Amino acid sequence: MIRLVRFFKYRMSLFLLLVVTLQTSQLFAQDVKINAQFDSTKILIGDQIKFRINIDQPAGTMVKVPAFTEKIADKIEVLKVFLPDTVKQNNRLKVSYEYLVTSFDSGEYVLPSIAIPVTTGAGTDTVQVTPSGLTVIPVPTDTITQVKDIKPPMNTPINFAELRPYIAGVVLLAAIVWLVFYYLRKQKKGGEPVRVKRIEPPYVIAIQELDKLRAEKLWQNNMVKQYYIRLSEIVRVYAAERYGIEALEMTTEEIVESLRRAIVDEPTSVELVKHLLTLADLVKFAKANPLPNENEVSLLNAYQFVNNTKPVSMGLQQSDEQDSTKEDNNQEVFKS
């Protein structure tokens with residue numbers, strides 16, 4: 001009998017403890033206030049409003065709000081999730097969760113209840129929150145108003161600020177044109193005439209170079225090798241420009257052979273070149289020392305080769321002048 005009483009007391013104690021725990025949990029859950037609502041109950045289709053979940057809870061209580069990332073409900077889309085806003089007053093916390101939402105389908109939407117777990121020291125309970133409804137209204141269309149043409153451009157007056165860049169550009173262009181005309185006019189009045197350099201034919205250049213070589217008197221000053229280097233170079237350049245052969249890159253034998261093919265009617269001139277270039281090779285490479293008479297004859301041969309092979313299309317007067325020049329040059333060579 002005593003055992004039965006003890007067992008009955010034990011069972012009653014457990015029952016009372018369970019009742020007290022449940023009541024305490026309900027009290028804690030009832031102490032948490034939660035509401036969920038939209039900023040407005042009506043919006044036009046595509047408009048954006050905020051959906052808020054406001055919680056008033058004791059400090060130390062953990063309330064777990066569901067994460068809405070894409071939709072609050074069917075056809076109500078979440079555009080942006082804001083960070084929770086928490087304000088502490090005395091021993092309580094006020095937490096606000098905000099979501100920017102919209103809807104692209106018209107209609108009346110009733111949101112289902114949201115189950116929010118609330119955890120306290122006494123345990124975990126669930127609070128059911130029923131959000132406010134939302135009506136999405138389609139954009140009204142005006143079927144009475146007639147379609148109108150596009151408005152023509154408005155005539156706006158032109159002010160000075162708009163014309164300023166164009167005026168500055170015109171003034172600058174006019175100044176540049178004036179300066180160019182002024183410079184050309186000044187050049188025409190006081191400037192020297194522009195001299196156009198005439199391109200001399202190869203034989204004229206060759207005669208001029210031979211005259212310079214004769215005036216330098218190289219072999220008379222014991223510079224025999226330099227004399228023959230210059231003399232052979234003048235003859236080679238003239239042959240290259242007159243007959244289009246690579247005389248500067250050829251040997252003496254190659255130059256003579258090329259001239260024989262090019263000057264069929266002047267074999268004597270070819271022999272003059274052969275004698276001149278052969279003697280120049282002996283001086284340059286074999287250290288030969290020609291006699292003074294041979295030096296003079298080499299220069300004379302060069303003059304004669306150039307004059308004999310110049311173009312025959314010249315006028316009679318110019319040919320006579322060249323012949324007289326040649327005779328004078330020959331006489332001066334022998335006099336020197």
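Which residue stands opposite T135 in strand 12? Here are some notes on that and on a few other points, bearing in mind that this is a predicted model.

1. **The residue facing T135.** The answer is E108, which stands opposite T135 in strand 12. The pairing around this position joins strand 9 (residues 107–109) to strand 12 through 3 bridges, and the two strands run antiparallel.

2. **Another partner of strand 12.** Strand 2 (residues 42–44) also pairs with strand 12, here in the parallel sense and again over 3 bridges. Within this pairing, L44 has I137 of strand 12 as its bridge partner. So you can follow strand 12 in both senses of pairing: parallel with strand 2 and antiparallel with strand 9. As a reminder, strands of a sheet pair through backbone hydrogen bonds, in either of these two senses.

3. **The two faces of strand 12.** In a regular strand, side chains alternate between the two faces of the sheet. Strand 12 (residues 134–137) shows this nicely: L134 and V136 point to one face and are buried, whereas T135 and I137 point to the other and are not buried. Both residues picked out above, T135 as the one opposite E108 and I137 as the bridge partner of L44, belong to the face that is not buried.

4. **An open sheet of 3 strands.** Have a look, too, at the open sheet with strand order 4-10-11, where the pairing is antiparallel. Strand 4 (62–63) and strand 11 (123–129) are the edge strands; each has a single partner strand, so one side of each has no neighbour in the sheet. Strand 10 (residues 114–120) pairs with strand 11 over 7 bridges, in the antiparallel sense. One of the bridge partners to check is V129 in strand 11, which is matched with I114.

5. **The surroundings of K71.** K71 lies in strand 5 (residues 71–73). With a relative accessible area of 44%, K71 counts as partly exposed. Leaving aside residues up to four places away in sequence, K71 touches I76, E77 and V78. T102 is 31 residues from K71 along the chain, and their C-alpha atoms are 9.4 Å apart.

6. **The protein as a whole.** The secondary structure consists of 8 helices and 12 strands. Of the 336 residues, 30% are buried. The exposed area is about 23900 Å², with carbon and sulfur atoms supplying 58% of it. As for contacts between residues at least 6 apart in sequence, 64% of them join residues at least 24 apart.

Notes. Residues are numbered from 1 along each chain as its sequence is written. This is a predicted model: local features need pLDDT of at least 70, side-chain atom pairs count only at pLDDT 80 or more; totals for chains, interfaces and linings use all residues. Side-chain values use heavy atoms; hydrogens and water are left out. Helices (H or I, at least four residues) and strands (E, at least two) are DSSP runs, numbered from the N terminus. Buried means under 20% relative accessible area, exposed over 50%, partly exposed in between (1.4 Å probe, protein chains only). Contact means heavy atoms within 4.5 Å. Accessible areas come from the Shrake-Rupley method with a 1.4 Å probe; for residues, only the protein chains shown count as cover. Two strands pair if DSSP finds at least two bridges between them.
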